[in-house]
Amino acid sequence: MASGGDARERRVLLLTPTQRDGELSRAMLAEAGIDSRLCRDLPALLAELEAPAGAVMLPEEALAEGGMEALRRWTEAQPPWSDLPLIVLVRGGANSGLAEAATRSLGNVTLLERPIRVATLLSAVRSALRARWRQYQTREHLRERLRSNELLESRVAERTAVAEQRAAQ
């Protein structure tokens, strides 16, 4: 991925069941050269989403008790170019209705069964960050297009004004 832009655009926001899990996840991601931010609870995660982020990783338990609804409201409020990748860690061997509902209502969700191999997790995180980077490229392309359109409109307005002045003379 290209460098530049806001470094927070490349960070992974982590919500983990325990502080120890969070510290281990951060260390593993840091060793792989991936910046992350540990969030103590869902409200802290939602607050961190007010700034740019590359991806979110959270356990399926975080979706219970209003978590799914809070994340759904946030994902629906994203700009049209944005589809923040969510990596949901699900319990192994269980068919989770909660995780299944997340894939239907939250958009860009990847489910990974726990316990998870480090290589698998890193691959999923890198893919999520790559997808998010492409979204940020799209955002910049749209911004540039808007700037070009505004410039073109101002030039048309200037030339129209000049033409109107000449016609009035």
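Is R139 buried or exposed? The model is a predicted one, and in it R139 has a relative accessible area of 11%. Buried means under 20%, so R139 counts as buried. To see what surrounds this residue, it helps to go through the sheet, the helix that lies across it, and the cores.

The sheet is open and has 5 strands, arranged in the order 2-1-3-4-5 with parallel pairing. Strand 2 (36-39) and strand 5 each have a single partner strand and stand at the edges, so one side of each has no neighbour in the sheet. From one strand to the next, the twist averages 20°.

Two of the pairings can be followed residue by residue. Strand 1 pairs with strand 2 in the parallel sense over 4 bridges, and here L15 stands opposite C39 of strand 2. Strand 3 and strand 4 are also a parallel pair, joined over 4 bridges. P59 is found opposite L89, a residue of strand 4. Strand 4 is mostly covered, with 5 of its 6 residues buried.

Helix 5 lies across strand 1, strand 3, strand 4 and strand 5, and runs at about 155° to strand 4. The helix takes in residues 118-168, which is 51 residues. At 1.5 Å a residue it should span 75 Å, and the C-alpha atoms at its ends are 74 Å apart, so the two values agree.

Which residues of helix 5 are buried? They are L121, L122, A124, V125, A128, L129, R132, Q135, Y136 and R139. In an α-helix there are 3.6 residues a turn, so residues three or four places apart point the same way. The elements that cover the buried residues of helix 5 include strand 1 (12-15), helix 1 (19-31), strand 3 (55-59), strand 4 (86-91) and strand 5 (109-114).

R139 can now be placed: this residue lies in helix 5. Leaving aside residues up to four places away in sequence, R139 touches E9 and W81.

W81 also takes part in an aromatic pair, and the count of such pairs comes to 1. The partner of W81 is Y136; the pair is tilted, with 5.6 Å from centre to centre and 50° between the planes. The pair links distant parts of the chain, since W81 is in the loop between helix 3 and strand 4 while Y136 is in helix 5, 55 residues apart. W81 and Y136 are both buried.

The nonpolar cores come next. The largest nonpolar core has 24 residues, and L45, V56, L58, L63 and L106 touch the most other members. At least two residues of this core are supplied by each of strand 1, helix 2 (42-48), strand 3, helix 3 (67-76), strand 4 and helix 4 (97-105). Helix 3 gives the largest share, 4 residues.

L58 shows how such contacts run. Not counting residues up to four places away in sequence, L58 touches L15, L63, L71, I87, V88 and L89. A second core, separate from the largest one, has 16 residues, among them V12, M28, I34 and A124. Of these, A124 is one of the buried residues of helix 5.

Note on methods. Residues numbered from 1 in each chain as written. Predicted model: local features only at pLDDT ≥ 70, side-chain atom pairs only at ≥ 80, totals over all residues. Heavy atoms only, no water. Expected span 1.5 Å × (residues − 1). Buried < 20%, exposed > 50% of the residue type's maximum accessible area, 1.4 Å probe, protein only. Contact = heavy atoms within 4.5 Å. Core = buried A, V, L, I, M, F, W, Y, C linked by side-chain atoms within 4.5 Å. Pairing = 2+ DSSP bridges. Axes fitted to C-alpha atoms, helices over the stretch in contact; angles between N-to-C directions. Phe/Tyr/Trp six-rings, centres within 6.5 Å; stacked < 30°, edge-to-face > 60°.
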